[in-house]
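Take a look at the fold below. This report starts with one helix and then widens to the whole chain.

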Amino acid sequence: MKKQITSLLLTSLSITVALAGARGQNPTLTIDAGAPTAKVNPLHYGLMTEEINHSYDGGLYAELIRNRAFLDDARTPAHWTALQSGGSDAKIALDRDHALNSALTTSLRLDVSAASAKEPAGFSNDGYWGIPVKPNTKYHASFYAKAAPGFAGPVTLTIESTDGKTIYASASVSSLTADWKQYTATLKTGGVAPTSNTRFAVKVQHSGTAWFSLVSLFPPTYKNRPNGLRPDLMQMLVDLKPAFLRFPGGNYVEGGTIATRFDWKKTIGPVVERPGHPCPWGYRSTDGMGLLEFLIWCEDMGAEPVLAVYAGYSLGGERALPGAALEPYVKEALEEIEYVSGSVK
């Protein structure tokens with residue numbers, strides 16, 4: 001062992017001396033990629049993903065509306081603003097007494113005291129640093145809403161400049177009902193110049209009260225998949241030809257606490273049934289990119305899925321001790337593996 005250590009030290013010393021002697025001679029490093037000296041399994045070349053700095057919501061996930069379910073801040077409708085002018089008046093507020101369902105427990109209440117066709121009122125969303133407008137592009141909007149008695153339509157959806165003076169695309173819903181219902185519309189831009197100095201707006205022309213939930217706006221997605229991913233970023237990832245994708249992250253899986261871990265069962269099914277969860281970096285994840293979307297991501301890249309499962313420990317130090325306390329999470333991981341690799345029947 002002593003001889004081995006001495007040999008390593010001498011080798012290290014020789015390299016150091018050689019480099020020191022070469023500093024004044026402008027040394028070069030030549031790599032001959034055509035003459036590999038060892039074989040590497042192609043499965044070793046792949047990608048690892050992590051939710052940091054909005055790499056999912058606001059990044060690869062194509063949803064353009066920020067805080068679409070009004071759950072990001074318990075005190076205020078973050079990223080939403082009431083719209084009114086000299087002749088119109090409107091107020092917005094979070095409302096937990098008119099929840100859409102047990103997953104989406106907060107709605108946005110719109111109270112309009114004055115509005116007209118020339119001076120509508122409503123609310124807007126600033127998106128993830130704006131709503132990216134591209135020419136000749138279709139945007140698919142959807143929302144859930146219900147109205148108090150006496151509320152009249154139409155409800156107009158627009159992608160517009162931040163001052164509201166330029167309308168890039170618009171669509172209308174004729175009226176709302178007294179019960180929760182989903183509404184959809186397509187907004188199409190013309191030959192406009194690309195810009196992100198924009199907002200998404202919901203406007204009405206009459207006074208009254210209405211409630212809104214899960215307000216969504218999607219541009220075209222990769223392979224036109226519903227609830228899909230951004231085509232530009234996806235194409236770059238596909239072009240890398242990765243053999244595998246490790247997902248859904250590391251710290252993102254752990255969460256800050258056990259309660260805020262990546263609870264995979266709450267990330268599958270219709271998005272209207274996904275409550276989302278706080279991620280470790282100070283903002284909320286919609287879980288629109290849930291476990292199934294990660295698997296579709298793998299499929300679209302032709303990559304093998306490498307699944308990270310929750311092991312009973314979270315970033316804040318909360319943990320499940322070995323034994324009975326850990327058993328539910330072992331079962332949860334086994335069920336997740338079965339969901340990923342088991343039969344579709």
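Helix α5 covers residues 327-341 in this predicted model. It has 15 residues. From its first C-alpha to its last, α5 reaches 21 Å, close to the 21 Å expected at 1.5 Å a residue.

Which residues of α5 are buried? They are Tyr-329, Glu-332, Ala-333 and Glu-336. Viewed down the axis of α5, the buried residues fall within an arc of 95°, so they line one face of the helix. What covers them includes α4 (291-301) and β15 (304-307). On the other side of α5, Glu-327, Lys-331, Leu-334 and Ser-341 are exposed.

Now turn to the nonpolar cores. The largest has 39 residues. Phe-143, Leu-176, Phe-200 and Phe-212 have the most contacts inside it. Strand β6 (residues 138-147) gives this core its largest share, five residues. Another core lies apart from it and has 26 residues. Among the residues of that other core are Tyr-56, Phe-262, Tyr-283 and Cys-298.

Phe-200 is worth a stop. Leaving out residues up to four places away in sequence, its partners include Ile-65, Phe-123, Ala-141, Leu-157, Leu-187 and Val-215. Polar names appear too: Ser-124, Asn-125 and Thr-158 are also touched by Phe-200.

Next comes a loop. Pro-226 sits between β11 (208-218) and α2 (231-239). Is Pro-226 buried or exposed? Its relative accessible area is 75%. The cut-off for exposed is over 50%, so Pro-226 counts as exposed. Val-192 is 34 residues from Pro-226 along the chain, and their C-alpha atoms are separated by 25 Å.

Last, the whole protein. Its secondary structure comes to five helices and 15 strands. The table collects some overall values.

| Property | Value |
|---|---|
| Radius of gyration of the protein | 26 Å |
| Radius of gyration of a compact globule of 345 residues | near 20 Å |
| Box filled by the C-alpha atoms, along the principal axes | roughly 90 × 60 × 40 Å |
| Exposed area of the protein | about 18500 Å² |
| Share of exposed area from carbon and sulfur atoms | 56% |

Buried residues make up 44% of the 345 residues. Contacts can also be sorted by separation along the chain. Of the contacts with a separation of 6 or more, 75% join residues 24 or more positions apart.

Key:
Residues are numbered from 1 along each chain as its sequence is written. This is a predicted model: local features need pLDDT of at least 70, side-chain atom pairs count only at pLDDT 80 or more; totals for chains, interfaces and linings use all residues. Side-chain values use heavy atoms; hydrogens and water are left out. Helices (H or I, at least four residues) and strands (E, at least two) are DSSP runs, numbered from the N terminus. Buried means under 20% relative accessible area, exposed over 50%, partly exposed in between (1.4 Å probe, protein chains only). The expected span of a helix is 1.5 Å times one less than its number of residues. The arc is that of the directions from the helix axis to the C-beta atoms. Contact means heavy atoms within 4.5 Å. A nonpolar core is a set of buried Ala, Val, Leu, Ile, Met, Phe, Trp, Tyr and Cys residues joined through side-chain atoms within 4.5 Å. The radius of gyration is taken over C-alpha atoms; the globule rule is 2.2 Å times the number of residues to the power 0.38. Accessible areas come from the Shrake-Rupley method with a 1.4 Å probe; for residues, only the protein chains shown count as cover.
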